[in-house]
Structures are given as structure tokens and as C-alpha cells.
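Here's a quick look at a ligand site and a bit of helix packing. Have the viewer open while you read.

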Amino acid sequence: MLVKDVTDFDIKNNIPLVCSVKPRQQVAPIFISGPCTVESYEQMSITASRLKQMGINYMRGGAYKPLTFPYRNKNMYELGEVGANILHDVKMEQNINIVTEATDEHSLDVIDQVADIIQIGSRNMYNYSLLKQAANKNKPILLKRHFGASVRDWLGAAEYILDQGNGDVILCERGITAPHTHESSSRFISDIQVIPNIKKLTNLPIIFDPSHATFNRAFVPSMSYAAIAAGADGIIMESHPTPEQAAVDKLNAVEFDMVEEIKNKCENIFQIVK
Ligand code: PEP
Ligand code: MN
């Protein structure tokens, strides 16, 4: 058990489960990439084959999206079950693992048919009933930090999953809100220092999402390197065959060549700081 300074949330026998996780040895950083949203079979098929070529075995893509505005139209949409079927087909054809988000109980059941890792998005970090239901699918859960959440609240949410008997939680830092930063170049702030802080408190793996933390593809490489240098166990990064035409989050998606370059550099940094 790690020395903990989160003793004010001791709930079971004074030992939070997040502080009792066994350490794991990792030889290389985890890499997950793919588009924000599933748009078509072709898009996901091209993405899967490029990722596999560069040795990335986890593809992301949302069939369900918690978008900031409620409007859905031909430029901004979520494909729901159709999207989940596309993920399923591509997974079967190319043998790639799928990371995809559940936004509510219905979508959880749908994506459970295809997900290898269930993503809980930042907005749902506080949705304790969804956390419990997702935990009971007995799959790894990628738990994104709410952009306003303290470390205590984030670990409390992880605790909800562990408390259901599912110890497979991957924490994901994805940028926090700061006042007066609501511009496309700085909508969120990359909280790099939370990474060593989390490492002090728990042995749960923590990965970093430079795409939503920056909302700017120009900042994605440097923030990825910073996160790995700070001790992150991996990166989840948005990529797209034609980033400028992405249906959602076209400002932060990167091309596949850039994913490969970032992955290679991250692997080197990981070895240096390990
Ligand atoms: C996403 O990963 O597609 C996403 C919506 O991220 P977040 O929940 O961090 O905003
Ligand atoms: Mn996105």
C-alpha cells in the first residue's frame, strides 16, 4: 500500500481501494488513437490499418458522444448503434482492440458488445450509477477526469469502480478548466503535475489525453512528451485520415504520420524516465 494523503476519504477500514492496487511493470507506454467520433466504415477501417502498421493495438472512436451543444446535424453527429456496428466489423476484420465511450445505461449495453475498454467521459465522471454499471461489465474502464474535479473526487470515482470488484481502472487526465481560458488555443489547461501526484497516491495506471487538453493539434506533440516525461503510462490521442474534415474535434486531430512520430518519441522518453 502506498503512503497516502487522501485519508479524509477512508471509507472501508481506513484503506481506500485505490491505495491498495498492486503495482504493474510496463515495458512501453500504452497508446490509443483514432477519431473523436465514428463517421463511416471507411474512416474506421483506414484508421485501424494505419494504427496496426505502426504497432498500435487500441483504436478509439465514439459511437456515442457527449457533445457540448445538444444540436446534431449533418456536420455534427453520433451514429449510435450504427457506429457500434462499424466498430464491431472493423474489430473483427483487423483484430484491433476498441476503446469507446458509454454515455448512459443504454449506450453502455450497446458498446459492451464491442468495447475492449469502456471509456467513461469527463462529463460522466460524477455519474456514480453509470460507473457502477460499467464496472459490472468486468472490462477495463478508462476513467477520464472531469475538467473541474479535484484529485480526491477523481479517485473517489475510481473507488466506485473498484468497490464493485473491478480493479481494472485506467485514469485519464484530459485537461482542466481554468477561468479566462475559453479560447480555442486554451480552452483547458494540461494538468501535467497531477500525473506524479496520482503516482504518489495510487498504483492505478494514468494516461494523458493531449487532444482534449489542448484542443489544438499544434500543441499535441509537446504536451504528449511532457506527460510521458512526468511519468504517464500512456497516451490517448485523436487522429483522423483527414483531420481538417473530422466531423467532431477537427482542431485537435492529427494525421497518422504525426501519431507515429509522437509514439516513437514517447517510447524513447518513457525509457529515459522509467
Ligand atoms: C472524448 O474522448 O471523445 C471526449 C469527449 O473526451 P472528454 O470526455 O475528455 O471531453
Ligand atoms: Mn474529441
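Which residues surround ligand 1? In this predicted model, the shell is made up of Cys-36, Arg-60, Lys-65, Gln-119, Gly-121, Ser-122, Arg-123, Lys-144, Arg-174, His-212 and Glu-238. Sort that shell by character and you get six charged residues, four polar ones and one nonpolar.

Three of these side chains have a polar atom paired with an oxygen atom of the ligand, as the table shows.

| Side chain | Partner | Distance |
|---|---|---|
| Arg-60 (N or O atom) | oxygen atom of ligand 1 | 2.8 Å |
| Lys-65 (polar atom) | oxygen atom of ligand 1 | 2.5 Å |
| Gln-119 (polar atom) | oxygen atom of ligand 1 | 2.9 Å |

As for how much of the ligand is covered: on its own, ligand 1 has 290 Å² of accessible area, and the protein covers 96% of that.

Now for the helices. Two packed helices are described by the angle between their axes and the distance between the axes.

Take α5 (residues 151–162) and α6 (residues 194–201): they pack at about 50°, and their axes are 12 Å apart. Angles from 35 to 65 degrees fall outside the parallel and perpendicular classes, so α5 counts as oblique to α6. Their crossing is right-handed.

Then there's α8 (residues 220–229) with α9 (residues 256–273), where the angle is about 20° and the axes sit 9 Å apart. Because angles under 35 degrees count as roughly parallel, that is the label for α8 and α9. The crossing of α8 and α9 is right-handed.

Note on methods. Residues are numbered from 1 along each chain as its sequence is written. Chains are lettered from A and ligands numbered from 1 in the order in which they are written. This is a predicted model: local features need pLDDT of at least 70, side-chain atom pairs count only at pLDDT 80 or more; totals for chains, interfaces and linings use all residues. Side-chain values use heavy atoms; hydrogens and water are left out. A residue is near a molecule or strand if one of its heavy atoms lies within 4 Å of it. A polar contact is a pair of N or O atoms within 3.5 Å; within protein, one must be able to donate a hydrogen and the other to accept it, and residues adjacent in sequence count only if both atoms are side-chain atoms. Accessible areas come from the Shrake-Rupley method with a 1.4 Å probe; for residues, only the protein chains shown count as cover. Ala, Val, Leu, Ile, Met, Phe, Trp, Tyr, Cys and Pro count as nonpolar, Asp, Glu, Lys and Arg as charged, and the others, Gly among them, as polar. Axes are lines fitted to C-alpha atoms, for helices over the stretch in contact, and angles run from 0 to 180 degrees between N-to-C directions. Helices (H or I, at least four residues) and strands (E, at least two) are DSSP runs, numbered from the N terminus. Angles under 35 degrees count as roughly parallel, over 145 as roughly antiparallel, 65 to 115 as roughly perpendicular and the rest as oblique. A crossing is left-handed if the near helix is turned anticlockwise from the far one by less than a right angle, and right-handed if clockwise.
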